[in-house]
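Colleague: I am new to this structure and would like a close look at a single part of it, the aromatic rings. Could you take me through how they are arranged?

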Amino acid sequence: MKKKTALFLIASIALGAITYPAFSESDYAKQIRIATVNAGMYANEYADRASGVELDDSAPFYGAYLQWVEVGKFQVNLFGYVAPDVNYSRVSGIHGNADVYFLKDDLGSLAAGIDFERIDVSMDAGDAIPGLESFEMDNAVTFALFRGGYRIARELSPTLSATLFPYVGVTLERVDGEVAVNPMGPPNLTPETTVDISDSLTYFSWGANLTVNAFRFLELTGKYLMRMRDGDALSTMTAQANVYLTRHLAATYQYKYMEMADGSDQYNLLGLGFVF
């Protein structure tokens, strides 16, 4: 994971260095609205230290994405997704964020916003895990990141522009769920146990979003988020590319890697977007 994080940060810094030496805010597009449908692959790693369970699986993944941008004013996006069968589980979720820009100056503007995600996991491994008669889990994880920073908007040329949004904030995490484990053996010696895994956590968070627009048809976005608490550090990395084929049609690609306390989630998605 450290190698992935280092490579992602190096690529983001290099891209930022290329796009920094510009002199005026981009007027690349005043308003952008895009809706996409997506399909790809989802990979999940899960570890339950108490029961010694370690799972690693990948499966088909489907999603739908909506974004609305008013350049220099605000941006809002929403992404819903589902992986019907991965690691003996159904995984579904919704992710959204919104930022507003204010107190504009020659370099950019202040920015504040919220990033929200809800992930629901329903697992029933039956007797597929060696040594267990059954293993079941229901888990709902909710994240809310409140962030603020400074958004820099620059233009290199009439066909190349970029924005960089470094920020700091606080992430609130709420976990609601339980795990039921039934070891193999006589019921009186190996009884089924159910453990409540509900918890509430608070993380100091920092990150940056970088977007580059080129030649009026290519949009590249990279995002990095670090959540820190009691010496633990969890990373989230996102990349997205939109290629505008016509004024109303786009091809899209999305990648995300997210570390969690009990494992990680990762996906690659291709999609078709409709611009309106």
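Modeller: What follows is a walk through the ring pairs and then through the charges that sit over rings. Please keep in mind throughout that this is a predicted model. The structure holds 11 aromatic pairs, and one of them joins W68 and F74, whose ring centres lie 5.3 Å apart while the planes meet at 80°, so the pair is edge-to-face, given that planes over 60 degrees apart count that way. W68 is partly exposed, with a relative accessible area of 39%, and F74 is likewise partly exposed, with a relative accessible area of 23%. Another pair is made by F165 and Y167, with centres 5.4 Å apart and planes at 45°, so this pair is tilted; here F165 is buried, and Y167 is buried too. A pair of aromatic rings is described by the distance of the centres and the angle of the planes.

Ring pairs also go on to link several residues into a cluster, made up of Y42, F61, Y65, F79, Y81 and Y267.

Turning to the charges, Y167 appears again, since the charged end of R147 sits over the ring of Y167, 5.0 Å from the ring centre. Y167 therefore has F165 as a tilted ring partner and also has the charged end of R147 over its ring. A further arginine, R227, lies over the face of Y203, with 5.3 Å to the ring centre.

Notes: Residues numbered from 1 in each chain as written. Predicted model: local features only at pLDDT ≥ 70, side-chain atom pairs only at ≥ 80, totals over all residues. Heavy atoms only, no water. Phe/Tyr/Trp six-rings, centres within 6.5 Å; stacked < 30°, edge-to-face > 60°. Buried < 20%, exposed > 50% of the residue type's maximum accessible area, 1.4 Å probe, protein only. Lys NZ or Arg CZ within 6 Å of the ring centre and 35° of its normal.
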